[in-house]
Amino acid sequence: MNRTHRCGELRKEHAGQTVTVCGWVDTKREMGALVFIDLRDIAGKVQLAFDIEKDPANHAAAKSMHGEYVAMASGVVRLRDPKNVNPRLATGDIEIAVSRLELLNTAKTPAIEVRDDLKCDPELRLKHRFIDLRRQPMQRMLQGRAAMIRSMRASLDAQGFTEIETPILYKRTPEGARDFIVPSRAYPGQFYALPQSPQLFKQLCMVAGLDRYYQIARCFRDEDKRADRQPEFSQLDIEMSFVERDDVIALLEGVVRNFVRDLQQDARFAHTGWPVVKAGEIKTPIERMTYETAMHDYSIDRPDLRSRDLKLTELTDWAKTCSFNAFKQAALGGGMVKALRCPGMAEAFSRGQISNLERDAKGMGAGGLASLKVADGKLDGAIAKFFPAGEQAALINACRAQDGDLVFICAHAKEKVVHAVMHHMRTLVAEKLGLLDPSQFALVWIIDFPLFEYKDEEEKLYASHHPFTLPQDLDLVRNMAQAARRSSEGSVIARLKAAGYSLEQVLGLRNNQYDLVLNGVEIAGGSIRMHRTDWQQDVFELVGITKEEAEKKFGFLMNALAHGAPPHGGIAMGLDRMLMLLMGLDTIQDAMAFPKSATGRDLMIDTPNEVEKKLLDELGIQFKPAP
């Protein structure tokens with residue numbers, strides 16, 4: 001077999017050349033004495049021409065071809081008649097006058113059509129993924145994915161990074177999601193875990209003096225089934241020694257700028273319609289926003305700044321003295337009251353739509369959702385009668401509302417409920433206003449995250465990022481940890497309060513975490529790490545990890561840090577989610593070659609599945625009957 005060109009590579013300049021192409025029969029058109037076949041491969045399509053008068057045998061062979069048959073064709077490239085030029089094809093100016101046609105394989109009729117605009121059940125596509133991947137949009141996606149990774153490697157290699165593979169068989173660590181566990185036959189009753197990230201190994205690479213590490217890492221998380229999540233995924237993983245936050249941020253900005261530029265300049269993707277092709281150059285430095293500002297203005301730590309000016313208004317102080325009891329109670333009880341001004345949208349929602357929005361808010365835990373129109377400088381709506389003129393004027397002024405605007409208000413004793421509802425409302429209104437242009441890329445760094453989060457029901461602190469993130473105020477963390485160690489009675493929070501620290505002080509601590517957000521989606525996150533054991537022990541103390549537990553789970557890390565760990569930090573970028581945004585894909589599944597379904601199954605190879613009892617016996621595993 002001597003293929004000279006790929007189908008989509010042939011152009012007018014090849015006219016007169018004898019070529020050999022291979023591929024799949026895409027379409028066939030029989031026109032009496034003439035037969036035309038579009039042969040398709042990963043580079044595109046080319047038209048094959050057969051004339052019964054010039055070559056009856058090949059004409060007959062062409063007529064016997066069917067869709068998705070695999071064939072090889074040799075012949076002379078010739079220019080098409082001007083009236084037959086196909087401007088929709090890159091090869092539309094030419095065709096091949098075939099002198100030899102060879103059938104390489106037949107094909108069953110596929111369960112899904114091989115067409116660019118395929119519309120069918122997503123699960124059917126996953127079950128027949130090997131057919132789905134023949135479609136040009138999927139092949140361009142995989143080529144774009146490879147091009148992005150190649151650009152990432154080139155950027156990092158040029159700056160002295162070393163690509164290092166870390167183990168897949170790992171141990172359980174508390175990183176948030178559940179682990180996939182793997183039983184050990186050699187050590188009955190003991191298990192490996194698949195890594196949720198290479199976090200600890202990349203830190204160990206820094207302790208080892210490797211200075212600059214990266215990896216295209218496979219990660220595994222046994223999360224609850226969601227349509228936008230996959231149990232296994234890929235990320236660009238980076239770690240650097242002797243750096244501060246700004247160094248890591250600047251590095252990743254350069255990597256992002258380069259791979260966006262490389263995708264835009266790749267001729268293969270010029271006509272894909274991907275948002276990245278239209279987005280223009282990534283300007284650096286990228287904007288930074290504190291966590292506090294993001295939550296205040298947008299009620300989410302990953303704001304979509306395509307609708308930058310659609311900001312929320314904090315009304316808690318106003319509500320403390322207002323005449324509407326539901327707002328007043330929430331504010332005085334330590335809760336939150338927030339409003340969203342919807343410019344010019346007083347009549348944009350029907351009564352039924354407003355009812356649906358109220359139902360959505362209740363589904364998120366709120367007691368309801370207030371809606372008020374602004375007309376003639378006054379409020380109009382079901383609860384407007386509860387507000388005297390002065391309170392109405394103060395609310396309108398606080399929201400900067402004007403006649404014709406609509407104002408949504410949510411109040412609740414728990415801030416997280418208000419944030420969830422108002423972020424949801426803001427997204428809906430932004431969509432309705434046409435502010436979420438997929439070809440516009442709004443990038444922002446979120447910085448100065450809380451060091452801890454607190455769960456009331458457990459009276460327990462948790463690291464908001466992970467427990468290896470360096471606090472900004474090490475002295476205050478040290479003082480708090482020492483106060484917590486003076487007693488073993490009660491929770492850590494109770495001991496801190498007894499020492500004179502308020503919960504607000506503890507939750508006011510900030511860390512050295514930084515997240516990169518694109519159009520409301522977190523695409524990368526990292527932090528400066530703890531490189532001293534005493535600092536690490538202080539954080540362990542405050543999140544309730546005992547010395548014994550720390551030794552059992554992280555003894556190898558603590559031992560490594562004690563052997564001269566350098567200051568270090570890093571970041572990881574989710575490749576699948578990034579591609580989904582760059583290419584304007586509907587789901588994360590379409591950014592992967594062989595994804596799982598929304599329920600976590602591989603429908604093509606039918607897994608997970610049962611294994612032989614003999615294997616289970618060797619592993620010492622016995623299943624209990626379902627209750």
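Helices here are DSSP runs of H or I with at least four residues, strands are runs of E with at least two, and both are numbered from the N terminus. By that count, Glu 458 sits in the loop between β18 and β19. All the views below come from a predicted model.

**Figure 1. The whole chain, before we zoom in, has 20 helices and 22 strands.** Along the principal axes, the C-alpha atoms fill a box of roughly 100 × 75 × 55 Å. Of the 627 residues in the chain, 48% are buried. The accessible surface adds up to about 31000 Å², and carbon and sulfur atoms own 50% of that. Take the contacts with a separation of 6 or more: 69% of them are between residues 24 or more positions apart. As for charge, there are 83 positive and 86 negative ones, and their mean positions are 2 Å apart.

**Figure 2. Close-up of the loop between β18 and β19, home to Glu 458 and to a negative surface patch.** Which residues form the negative patch? They are Asp 456, Glu 457, Glu 458 and Glu 459. Glu 458 has a relative accessibility of 39%, so it counts as partly exposed. Glu 459 is in the loop between β18 (452-455) and β19 (460-463) too, and has a backbone quirk of its own: its phi is near 50°, a positive value in a residue that isn't glycine. Buried or exposed, or something in between, for Glu 459? With a relative accessible area of 46%, Glu 459 is partly exposed, because the partly exposed range runs between the 20% and 50% cut-offs.

**Figure 3. Close-up of helix α8 and the residue that follows it, Ser 299.** Start with the helix: Ala 294, Met 295, Asp 297 and Tyr 298 are buried in α8. What do the buried residues of α8 pack against? Their partners are β11, β12, β13 (336-342), α13 (415-432) and β17 (443-447). It helps to recall that an α-helix has 3.6 residues a turn, so residues three or four places apart point the same way. Just after the helix comes Ser 299, with a positive phi of about 60° even though it is not a glycine. Ser 299 belongs to the loop between α8 (291-298) and β12 (312-314). Its relative accessible area is 2%, so Ser 299 is buried.

**Figure 4. Close-up of two cis peptide bonds, one leading into Pro 285 and one into Pro 608.** The bond from Thr 284 to Pro 285 is cis, with omega near 0°. Where does Pro 285 lie? Look in the loop between α7 (275-278) and β11 (288-290). The other cis bond goes from Thr 607 to Pro 608, with omega near 10°. Pro 608 is in the loop between α19 (575-583) and α20 (613-619).

**Figure 5. Close-up of the Asp 590 and Arg 125 salt bridge, with N to O at 2.9 Å.** This pair ties together distant parts of the chain, 465 residues apart: Asp 590 comes from the loop between α19 and α20, while Arg 125 comes from helix α2 (residues 122-127). Buried or exposed, for Asp 590? Asp 590 counts as buried, because its relative accessibility is 13%. Arg 125 is buried as well, with a relative accessible area of 13%. Each value falls under the 20% cut-off for buried residues.

**Figure 6. Close-up of two further salt bridges, Arg 29 with Asp 38 and Arg 135 with Asp 132.** How many salt bridges are there in total? The count comes to 46. In the Arg 29 and Asp 38 pair, the N to O distance is 3.6 Å. Arg 29, at 30% relative accessibility, counts as partly exposed, whereas Asp 38 is buried, with a relative accessible area of 11%. The side chains of Arg 135 and Asp 132 meet at 2.8 Å, N to O. Arg 135 counts as buried because its relative accessibility is 6%. For Asp 132 the value is 0%, so it counts as buried too. Elsewhere, salt bridges with shared partners join Arg 478, Arg 485, Arg 495, Arg 532, Asp 534, Asp 538 and Glu 541 into one network.

Note on methods
Residues numbered from 1 in each chain as written. Predicted model: local features only at pLDDT ≥ 70, side-chain atom pairs only at ≥ 80, totals over all residues. Heavy atoms only, no water. Buried < 20%, exposed > 50% of the residue type's maximum accessible area, 1.4 Å probe, protein only. Patch = residues over 30% accessible without salt bridge, like charges linked within 9 Å, V, L, I, M, F, W, Y side chains within 5 Å. Areas by Shrake-Rupley, 256 points an atom, 1.4 Å probe, with all protein chains shown as cover. Salt bridge = Lys/Arg side-chain N within 4 Å of Asp/Glu carboxyl O. Lys, Arg positive; Asp, Glu negative; His and termini not counted. Charge placed at Lys NZ, Arg CZ, Asp CG, Glu CD. Contact = heavy atoms within 4.5 Å.
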